[in-house]
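Trainee: Please go through the largest pocket of this model in detail, then relate it to the rest of the fold.

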Amino acid sequence: MEIRQLRYFVNVAETKSFSEASRQCYLSQSAISQQIKLLEEELGSQLFLRNTHSVTLTEAGEALLPLARMAIKSFDSCQEHMNGIRGLITGQLNIGMSEAMEPFVRHTVMLMLKRYPKLRINMHYKPSYELKEMLLNHELDLAFSIGTPDDKESIESIPVTSYRICAVMNRNHPLAKREKLTAKDLSNQSIILPERGGNALRALGDVVLEELKLMNVRVYSNSVNALLNILQESNYVSFISARSVMSRPMLIAKDVEELPDKVACYAHKLRNVCEKHNCKVFLEIMTQETIPYYNSLGM
């Protein structure tokens, strides 16, 4: 049994397709099929039920899947640990984030890719509650979110920066010329907020509603990008980070007197596991280079 065979097996199981697995593994479909056949012969069990329309796991395949994932994870952790000892940055890094953390992560990712050409980074944009599940399932190496540290004993939450909640609007909005806003200024405005649910941004939206007593919420959006697009084309107001408008010259962020100055942002990782050297380097670059860069811009 070879680790590459287990990788092919997991890939087919997850994609439910030999052709898609071959595309993702950069191998021919016949090569993938041959390796799965060899694995089945060695184990003495059929792993997949195949027909012209679908691929499904057999009982033996269902039993093998979690074990194969664990074996691959252990192998990769071992390889990453040895690379770390040698000071090498290679392999893959799986990072998850809420959209509010995208500017920090994107800037750090670009620095990593420029310096380490043998590294591949997989980025996942998810609500904070999904990020925690992915982290616990070993699908992520690092997760970034805003709001509060994780309360699970198995997850370590490291503060990396802070998030300033502002009122964001179109530069042509009647309130855009004010130096600072108050709850009274915003009381009659049409509001757009991140969607309801287990989203850290939504939790901040609840803080905004509670502190400012705003009732006229017209739109909830599950995408920060879509939210910003609406702000550019309307006189709506939202409450997100000043950093979110850096690449949006049509938008402006204004401080609101009644809102808290800062909200903490965290990097989350699993406790009691062998940490990838890539993770350590990523966090170092974020805290020593990315965060100071944004702070120098007054954001």
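**The largest pocket and its setting**

Mentor: Sorted by class, the lining of the largest pocket holds seven nonpolar, 13 polar and 11 charged residues (nonpolar here is Ala, Val, Leu, Ile, Met, Phe, Trp, Tyr, Cys and Pro; charged is Asp, Glu, Lys and Arg; the others, Gly among them, are polar). The model is predicted, so local features need pLDDT of at least 70 and side-chain atom pairs count only at pLDDT 80 or more, while totals for chains, interfaces and linings use all residues. Residues are numbered from 1 along each chain as its sequence is written, and side-chain values use heavy atoms, with hydrogens and water left out.

The largest pocket encloses about 1,300 Å³ of space (on a 1 Å grid over the protein atoms alone, a pocket is an open set of points with protein on both sides within 12 Å along at least five of seven lines, and lining residues have an atom within 4 Å of a point). Its lining comprises 31 residues, and Arg7, Glu14, Ile72, Gln92 and Asn94 are those nearest the centre. Two or more lining residues come from each of helix H1 (3-15), helix H2 (18-25), helix H4 (59-85), strand E3 (91-97) and strand E4 (119-125) (DSSP runs numbered from the N terminus, at least four residues for a helix and at least two for a strand). H4 is the main contributor, with 10 residues. Over the whole chain, the secondary structure amounts to 10 helices and 12 strands.

The second largest pocket has about 310 Å³ of space. Of the 16 residues that line it, Glu102, Pro103, Arg106, Ser244 and Ser247 are nearest its centre. Helix H5 (102-115), helix H9 (224-232) and H10 each give two or more residues to this lining, and H5 gives the most, with four. By class, the lining divides into seven nonpolar, four polar and five charged residues.

Arg248 sits in the loop between strand E10 (238-241) and strand E11 (251-254). Its relative accessible area is 12%, so Arg248 is buried (under 20% with a 1.4 Å probe, protein chains only; exposed is over 50%, partly exposed in between). Leaving out residues up to four places away in sequence, Arg248 touches Asn225, Leu228, Asn229 and Gln232 (a contact is heavy atoms within 4.5 Å). The C-alpha atoms of Arg248 and Asn170 are 9.6 Å apart, although 78 residues separate the two along the chain.

There are also two cavities of 30 Å³ or more in the whole structure (in a cavity, a 1.4 Å probe fits but cannot get out). The second largest holds about 40 Å³ of space, and Ser128, Leu131, Lys132, Leu135, Ala143, Ser145 and His268 form its lining. Helix H6 (128-136) and strand E5 (142-146) each supply two or more of these residues; H6 has the largest share, four.

As for the packing, 46% of the 299 residues of the chain count as buried. The largest nonpolar core contains 53 residues, with Met101, Val105, Phe144, Phe239 and Phe282 making the most contacts inside it (a core is a set of buried Ala, Val, Leu, Ile, Met, Phe, Trp, Tyr and Cys residues joined through side-chain atoms within 4.5 Å). Helix H10 (277-296) gives the most to this core, eight residues. Another core, apart from this one, has 19 residues, including Val12, Ala21, Phe48 and Ala68. Of the contacts in the chain with a separation of 6 or more, 75% join residues 24 or more positions apart.

Note on methods
Points joined across faces, edges and corners; volume = space filled by probe spheres on them.
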